[in-house]
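Student: Hi! I have a structure open here and I'm not sure where to start. Could you walk me through it?

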Amino acid sequence: MAFVETLIFGTPVGSPGSAPEILGRSNGINQDLAEEIVRLCTGWGQPPSGENPRPVFMSFPLKSRSSRASSGANVVIKVEAGTHLSFQAVVIAGSDYAAFGYNPFALAEAGAFPAWDPMAITGRRTLNPNSGPLLVNPPPSSEDVGLIDEALHQILASHKLYLPIEQASDDSDRCLALLLEVIPEALKKQLRFASFAPSPANNYHLAATTTEGCEFSGWKRLMMTLVGGALSENLEKYVKKVRDCLAFGDVGVLWAENRQLTLGAKPKDPGNTAIPRSRTASVNQVIPAAATTVASSGPKSHPQVGLSSPRSTIREKSPREVPQLAHLRGGRRQLSGAVVALLVLVLTVGGGWTYLEFFHGGGILWQNLISWHWFAGDQTETRVASLLEVPNVGAVYNKQVTRIHLGGMILGLNSETDQRRGLVQLKSEAAVPLLQQVDLFLELAAGGIRQGKRPDRESERLRSLTVQGQGLAVELDRLELAWHSLSLAVNWRDLGSLSDSAVFARRDSLQKVSAASLRVAAGDMKFGHRRKRLLYSLEQTKGMRQLLSLFQANQWSDQWGKQLYGAAEAVSPSASPMTRAYRNSAFSLVRLKNAEHLPAFEAGAFADQVKKGIWLCPEVADILPGLRKQVGKFGHNDAPPLLAGTLALYKILEDPEPTVGDLAVGNIAMEQMHDNAAVRFDPAAYENYLQRLRYQALQECVRMGKSCSALGDEDALANLESFAQIKSQGLNGDEWAAWSDQQNDPFLKRWAHYETGRVQQILQAKMYEFDGIWQVVWTQVEQLRVLASQGEDWSAKWVSLDKELNAGLAAGKALAGQGAFVSRRIEDLQNLRGSLDKSRPLDLGAVTVRLDQDRLKNPVEVFFEFRILPQGRIQRSQPFTIGPAAPAGSGWVGTVVLDRKSNLACWAGFQGSVRMVNGGRKLLTVDYPSLGDGVGPGALIRPRSVPGGSLSIKTGDSWWRDLQLPDQSDGAGAS
């Protein structure tokens, strides 16, 4: 049960000229409360002209206190602006008002405002609050999304929202009542509200403010043009939930949540989001444009349950349908007596019908005649808040050409004067405002994409801007045609009603036959380069909106990628930072999506290991750094969900091990992986990777002995064990193909199919490798034979052949069992290996020894001993003398004839030493590594230096000539 006190303020009945006063109040309203309420009533202002049958509701928290509401109270005021202005105020304790949801419409529905009777007010009254939130009629629906959620976002961000309207209506009251239902209680407690207010003097937080020519049908478009401030995470989630609830037509589920929601700090300077009525607006302002009038369904006291009439149907006009500008609406034009007499005569005499036919068929359009303001009266036009105004050049032109036609019909009127006057009027009433709006469009278009937190709203803003820019372009063309028509007395009577395409076609024709006329028109009306800049900016705006829309697409396709790339190309690289972030991210994203649909990317999910950097193919890995850089240029949480989801997913795919562990222990569910925005957009691209994560997590569960129920059933586990066992066996391609045909699990079937192809590819690659080595080996065999026949040192060629032969034998081993053809080739290589490794006699003719000077003091007698490494017998030469070398002091030299033979294989080394005959002291030892180690017999004839001296050995050529190499077996030639 709620208790209320009442105060009535207004003009006494029967005293229309007297000042308003307190006409009655209940006992609980003290003087301080009364004075504060009166200030709020007078702050409402004077009602606009015309009938105001609809009551207005205001609501304020009161600063003054009463004995019955010492903890704080609110006042709800009903304003009646009919035959006389009156205010009926109800004071209610804050705790009681909470039961009504701090909603003045709910309080009114409960009977807070009985019939007007100031004398009947005595004491406080009781009210029964409704249970649950207030229902509005028609009920909330998806049609309210886009207005209610945007308005909620604005008031949560700035704590103030003014909505322009000429007169309150069923629709505006319903919208405000619904908005009050979703505003968090923490804000409603202090909310200063008016369903309609001629003056902002009461410093409202939420109000529909008097604005000439504006109506409810423009509120949604207005919301789309405002840039909302940032909200905390919990408020963003709340706005999203409101949007979802509206879509399902049920805001009742929000009742408990908005009572507990906290708002955080209030902005220091929330400002006023009301839109000033100005011809020149900044980028963040909106100029009202003309629109149709919405018929009201009749006066209603408030949007309570059970409204008998449905909400009025609303249809917003496109910019091309907008009537002429408000400043073109003059007062009633007065005709001279002579003109009136002539018209009366024409319409009444027996020949009047002939004149009417003349009017309709040749002189003036009859329908234009009866639509003149001075003939049919001033037709009041309404305006709706929008991005721009699109001046109706056709209406201005029609007025001028009609006057010219009429002047040509009436004797005594100067048609040439009317012609000049028509051009002047065209410039002042059409060209000037049109060019102003073109300049404003260029300014708004140059601002680009303003924010990324609400791409749906930003897309709608750019859509509106594009549509209105197209309207401006058409009117600019129509203006050129109008100038040509009036200046050359063509006086086209259909120009004002031509469709957009017809205007373009006529201008195109005129351009071909009289381009000079269009140039003069542009110069006379001060076009400058506006038309060119307008068309360029229009394409830019279309590209920006398309960018936003494509980033919100639900499904990938090749066509989507082409459209996104084209939209990004259409946007200037020098656009605003947010626009560039969208543009450059689009290029990187298209490249990434193209790479994701390459076979190499799909194969990454079947990599042998689960380690950092292994899964991603090089094409994708090269693109990701650039994409991250571009997405980083968005503000915090401003990046489109598709981009944010893509980077989040690739963070997992680049290093999958942590996620595998989280899936195994239940820290992450597979449903969360599938809910990623990038996965939802293109599920086929990532299906293998998600299933591979699941597969690895199942393996991890088995390893830890944990339950796998969250990742799959018993069949899934059985398939896993079977696949792991098969994979460890190293099947060939045919075996993998057979297993794939028997598998039911789609992912494992794809994996087995991949393994089939992979094994076959590996085998094919090995065959190509083996064949290539085979060709090189036998080519080098022929070269080696030539060198051997000439007795030349073939050690370098032997080393090269040995390397190729070893590679061929290794490749052949990997192909064992691949048929007789491969087996014969492997046998040929093995025979060649034996021939190359065979020992042959080496002729040792003589050896020259050179010792460093410090090795001896006097000439000595020595002998040379040598052996084949590693196990050869030591052989010794005859003693010989080592004496001083020339020039003196440069060392000691001696030579001895060996005339020996020793069997030497290519893999054997050689060691020579010099010892003193007297005492056997070793003066020098030199090792010659084997030919297989890169030295061999070819180095014996060249001096080989070591610390202490060097050796030079003279050999014969028989070791080189005696090399015998086998031929290829029959049928083993090149394939």
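The chat below goes through empty spaces, helix packing and some backbone details.

Tutor: Happy to! Keep in mind that this is a predicted model.

Student: Okay. How do people even find empty space in a protein?

Tutor: Rolling a probe the size of a water molecule over the atoms shows where empty space is left.

Student: Nice. So how many cavities of 30 Å³ or more are there in the whole structure?

Tutor: The search turns up six of them. The largest cavity holds about 60 Å³ of space.

Student: Which residues line the largest cavity?

Tutor: Its lining is made of Gln691, Arg694, Tyr695, Leu698, Ala716, Leu720, Asp745, Phe747 and Leu748. Two or more of the lining residues come from each of α28 (683-704), α29 (714-728) and α31 (746-789).

Student: And which element gives the most to that cavity lining?

Tutor: That's α28, with four residues. Sorted by class, the lining has six nonpolar residues, two charged ones and one polar one.

Student: What about pockets? How much space lies in the largest pocket?

Tutor: About 1300 Å³. There are 32 residues lining the largest pocket, and those nearest its centre are Lys240, Lys453, Asn637, Ala639 and Pro641. The elements giving two or more residues to this lining are α8 (233-247), α16 (455-487), α24 and α27 (677-681).

Student: Who's the top contributor to the largest pocket's lining?

Tutor: Helix α8, which gives six residues. The pocket lining as a whole splits into 14 nonpolar, eleven charged and seven polar residues.

Student: Let's switch to helices. What do I look at when two of them pack?

Tutor: Two packed helices are described by the angle between their axes and the distance between the axes.

Student: Cool, so at what angle do α24 and α28 pack?

Tutor: α24 (residues 641-654) packs with α28 at about 50 degrees, and their axes are 12 Å apart. Because of that angle, α24 counts as oblique to α28. Their crossing is left-handed.

Student: Which residues make the contact?

Tutor: On the α24 side they are Leu649, Tyr650, Ile652 and Leu653, and on the α28 side Tyr686, Tyr689, Leu690 and Leu693. By class, that contact has eight nonpolar residues, with no polar and no charged ones.

Student: Got it. How do α31 and α33 cross, left-handed or right-handed?

Tutor: Left-handed. The axes of α31 and α33 (residues 820-837) cross at roughly 35 degrees and come within 12 Å. Among the residues that meet there are Phe770, Trp774 and Trp778 of α31, along with Ile826, Leu829 and Leu832 of α33. The α31 and α33 contact has twelve nonpolar, three charged and one polar residue.

Student: New topic: what's usual for the backbone?

Tutor: Most residues other than glycine have a negative phi, and most peptide bonds are trans.

Student: Where are there cis peptide bonds here?

Tutor: One joins Leu869 and Pro870, with omega at about 10 degrees. Pro870 sits in the loop between β13 (860-869) and β14 (875-876). Another joins Ala886 and Pro887, where omega is about -10 degrees. Pro887 is in the loop between β15 (880-884) and β16 (892-904).

Student: And what is the phi of Ala489?

Tutor: Ala489 has a positive phi of about 60 degrees, although Ala489 is not a glycine. You'll find Ala489 in the loop between α16 and α17 (500-513).

Student: Thanks, I'll go and look for those!

Conventions. Residues numbered from 1 in each chain as written. Predicted model: local features only at pLDDT ≥ 70, side-chain atom pairs only at ≥ 80, totals over all residues. Heavy atoms only, no water. 1 Å grid on protein atoms, 1.4 Å probe; cavity = no way out; pocket = protein on both sides within 12 Å on 5 of 7 lines; lining within 4 Å. Points joined across faces, edges and corners; volume = space filled by probe spheres on them. Nonpolar A, V, L, I, M, F, W, Y, C, P; charged D, E, K, R; others polar. Axes fitted to C-alpha atoms, helices over the stretch in contact; angles between N-to-C directions. Parallel < 35°, antiparallel > 145°, perpendicular 65-115°, else oblique. Left-handed = near helix turned anticlockwise from the far one by under 90°. Contact = heavy atoms within 4.5 Å.
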